[in-house]
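Please examine the chain shown here before reading further. The report is addressed to a reader who has not met this structure before.

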Amino acid sequence: QENVLAESRMMIPDCHKRLEATLAELEATLAELKESGEQGVEIGEAESAITEVETVFEQFEDQLTSQERRCVEVLASILIKYLP
């Protein structure tokens, strides 16, 4: 269990970076689509998802203690690792 915990702690910074990179990539792709005049339901859904994720991140940052934040990061890393 200690080894799993230590490994999870090492994965947290990488997972955080990947989540931020993915969000930035989605925002960039959305900006390109808007510039090209693309329209569709998916664009609205992407905008909503970005807004929702940013809001959730802000709320978590404001409300979580350092221990709770660490638990959330560990859970996120596990989900990313094992979910398709």
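The text below treats the overall fold, the confidence of the model, the nonpolar core and the surface.

**Fold and confidence**

The model is predicted. Its chain contains three helices and zero strands, and the order along the sequence is α-α-α. The helices have the following residue ranges.

| Helix | Residues |
|---|---|
| H1 | residues 2-35 |
| H2 | residues 41-63 |
| H3 | residues 66-82 |

The mean pLDDT of the chain is 76, and 76% of the residues reach 70 or more. Confidence is not uniform: H1 has the highest mean, at 78, whereas H3 has the lowest, at 70. As a general caution, predicted coordinates should not be read in detail where pLDDT is low.

**The nonpolar core**

Of the 84 residues in the chain, 14% count as buried. Which residues form the largest nonpolar core? This core has five residues, namely Leu-23, Leu-30, Ile-43, Ala-46 and Ile-50. Both H1 and H2 supply at least two residues of this core, and H2 gives the most, with three residues.

Ile-50, one of the core residues, has contacts that can be listed individually. When neighbours within four places in sequence are left aside, Ile-50 is in contact with Leu-23, Leu-26, Glu-27 and Leu-30. Among these partners, Leu-23 and Leu-30 are themselves members of the core.

**The surface**

The chain exposes about 6,900 Å², and carbon and sulfur atoms supply 56% of that area. A nonpolar patch on the surface is formed by Leu-19, Val-53, Val-56, Phe-57 and Ile-80, which together have about 340 Å² of accessible area. Helix H2 gives the most to the patch, with three residues.

Ile-80, a member of this patch, is placed in helix H3. Is Ile-80 buried, partly exposed or exposed? Its relative accessible area is 30%, so Ile-80 counts as partly exposed, since that class lies between the limits of 20% and 50%.

Met-10, located in helix H1, offers a second case. Its relative accessibility is 63%, and Met-10 therefore counts as exposed, the limit for that class being over 50%.

**A pair distant in sequence**

How far apart are Met-10 and Val-74 in sequence and in space? The two residues are separated by 64 residues in sequence, while their C-alpha atoms are 9.6 Å apart in space.

Key:
Residues numbered from 1 in each chain as written. Predicted model: local features only at pLDDT ≥ 70, side-chain atom pairs only at ≥ 80, totals over all residues. Heavy atoms only, no water. Patch = residues over 30% accessible without salt bridge, like charges linked within 9 Å, V, L, I, M, F, W, Y side chains within 5 Å. Areas by Shrake-Rupley, 256 points an atom, 1.4 Å probe, with all protein chains shown as cover. Salt bridge = Lys/Arg side-chain N within 4 Å of Asp/Glu carboxyl O. Helix = DSSP H or I, 4+ residues; strand = E, 2+ residues; numbered from the N terminus. Buried < 20%, exposed > 50% of the residue type's maximum accessible area, 1.4 Å probe, protein only. pLDDT = per-residue confidence, 0-100. Core = buried A, V, L, I, M, F, W, Y, C linked by side-chain atoms within 4.5 Å. Contact = heavy atoms within 4.5 Å.
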